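Biologist: Could you pick one part of this and take me through it slowly? I'd like to know which pieces touch which.

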Amino acid sequence: MSEALIPYGRHVIDADDLAAVTEVLRGDWLTTGPAVARFEEGFAQYVGAPHAVAVSNGTAALHLAMLAIGIKPGDEVIVPALTFAASANSVRYAGGTVVFADVRDDTLTVDPAHVASLITARTKAIVAVDYAGLPADLAPLLDLCNTHGLILVEDACHAPGAEYHERRVGSIAHLSVFSFHPVKHMTTGEGGMVTSANAELAGRVRLLRNHGISSDHRQRELAGTWSYDMLELGFNYRLPDLLCALGLSQLKKLPTWLARRRALAARYRAELDAVPGIRVPIEPDDRRHAWHLYPVRVVADDVAAARQAMYSALRADGIGVNVHYLPVYLHSYYQGLGYARGLCPVAEAAYDGLLSLPMWHGMTDEQFDKVIDAVRKHAPSPRTAGAA
Ligand SMILES: Cc1ncc(COP(=O)(O)O)c(C=O)c1O
């Protein structure tokens with residue numbers, strides 16, 4: 001990241017974060033000590049879920065979610081096309097088949113009607129992605145799960161603190177998954193969390209993050225025993241005490257940081273809604289956005305060319321815009337598996353025009369004003385705009 005570039009997202013580390021980590025460094029437990037349970041309890045309480053299991057990153061969280069629900073070769077899992085690759089890759093890790101669903105043009109979250117049309121006798125689960133921080137339309141997806149005996153896994157990596165029908169995400173789907181990567185709302189450097197109301201599913205995630213062993217080292221120390229049993233083939237996906245202490249410290253600031261993101265989003269809408277050549281994201285009445293990203297959509301006759309021009313012009317002016325996302329199945333790996341272009345036309349068309357403007361809680365008003373000026377200057381002109 002260049003010094004001058006205003007990034008599309010970044011972490012904030014305060015003195016209390018440094019103090020929290022230093023305290024752990026001076027103690028006896030660098031990994032799998034008391035800070036893990038404290039972070040898990042704090043996060044579970046925040047999202048309103050009975051169980052939370054900390055893991056080494058969001059991808060590991062997705063992987064363990066797929067294993068916990070028993071995905072295996074021959075099983076199909078429906079995943080939206082417009083997401084980070086890990087949402088789909090986790091299905092592949094477990095040997096399952098990814099069935100890509102299109103998104104709705106207005107929200108860019110998965111289209112429940114398309115999901116319904118993709119369900120077969122082999123479908124085992126649906127992954128809902130809270131794209132950019134907007135909760136997916138979870139109610140119709142849960143209805144489909146109830147009707148067909150499926151599991152809903154919510155990839156809420158963009159959305160801690162977001163709400164759907166006045167409930168926080170993390171407390172709604174069968175399993176929900178979060179990431180604490182530095183561009184997210186709160187960070188542990190690398191880190192992730194799985195939340196659930198289902199004790200059995202959460203217990204399986206807990207077992208699998210520690211090699212499939214039924215107890216951890218600290219539990220055995222406390223119980224005065226060396227013996228343990230490995231019940232199944234698990235992984236080392238633990239999140240160390242050091243990072244859990246950082247996570248707990250960051251979590252305390254999440255409500256304030258979310259409020260700042262929401263204020264920035266409101267200002268973006270006020271300043272940019274009437275600018276021709278771009279479309280700002282919406283927030284449906286039944287949801288509260290968490291604004292991980294602020295993805296605008298370029299509107300022009302040749303959308304892809306206009307987006308490329310705007311991207312280059314903004315970067316040249318020091319605005320670190322980005323693009324989220326190329327539909328996952330257009331990556332070479334998935335093309336190699338035989339997924340054809342044209343599978344999810346709404347996601348493909350959206351991708352051509354998407355541009356994520358800077359959005360993070362530490363962004364200053366001065367930086368924000370600079371972004372607004374540059375966007376106004378470089379949005380496609382009204383002459384080419386208008387042909388959505
Ligand atoms: C939607 C989504 N799912 C999963 C992940 C994976 O999280 P992590 O980077 O912590 O492995 C990310 C991270 O960028 C993401 O954006």
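**Helices around a sheet**

Modeller: Let's start where two helices meet: T59, L62, H63 and M66 in α3 touch A86, S87, S90, V91 and Y93 in α4, contact meaning heavy atoms within 4.5 Å. Before we go on, this is a predicted model, where local features need pLDDT of at least 70 and side-chain atom pairs count only at pLDDT 80 or more, while totals for chains, interfaces and linings use all residues. Residues are numbered from 1 along each chain as its sequence is written, and side-chain values use heavy atoms, with hydrogens and water left out. Helices (H or I, at least four residues) and strands (E, at least two) are DSSP runs, numbered from the N terminus.

Back to our pair. The axes of α3 and α4 are 8 Å apart and make an angle of about 45°; axes are lines fitted to C-alpha atoms, for helices over the stretch in contact, and angles run from 0 to 180 degrees between N-to-C directions. The two helices are therefore oblique to each other, the word for whatever is left after under 35 degrees (roughly parallel), over 145 (roughly antiparallel) and 65 to 115 (roughly perpendicular). The crossing of α3 and α4 is right-handed: the near helix is turned clockwise from the far one by less than a right angle, whereas anticlockwise would be left-handed.

Helix α3 (residues 58–68) also has helix α7 (residues 199–208) as a partner, with axes that come within 9 Å and cross at roughly 120°. That makes α3 oblique to α7, and this crossing is right-handed as well. The residues in contact are L64, L67 and A68 of α3, with L201, R204, V205 and L208 on the α7 side.

Now for the sheet. It is open, has 7 strands with mixed pairing, and its order is β1-β9-β8-β5-β4-β2-β3; strands count as paired if DSSP finds at least two bridges between them. At the edges stand β1 (51–55) and β3 (97–101), and each has a single partner strand, so one side of each is left without a neighbour in the sheet. On average, neighbouring strands here are turned by 20° against each other, direction ignored. Look at the β1 edge: β1 and strand β9 (residues 192–196) run antiparallel, joined by 5 bridges. Try finding H51, whose bridge partner in β9 is S196.

Helix α4 (residues 86–93), which we met beside α3, packs on this sheet too. There it touches β2 (76–80), β3, β4 (123–129) and β5 (151–155), and its direction makes about 155° with that of β3. Another helix, α6 (residues 138–148), lies across β4 and β5, running at about 150° to β5.

For contrast, there's an open sheet of 3 strands elsewhere, in the order β10-β12-β13 with antiparallel pairing. Its edge strands are β10 (278–279) and β13 (354–357), each with a single partner strand, so one side of each is left without a neighbour in the sheet. β13 pairs with strand β12 (residues 294–298) over 4 bridges, and one of the links puts R297 opposite L354 of β13. Helix α12 (residues 345–353) packs on this sheet, touching β12 and β13, with its direction at about 55° to that of β13.
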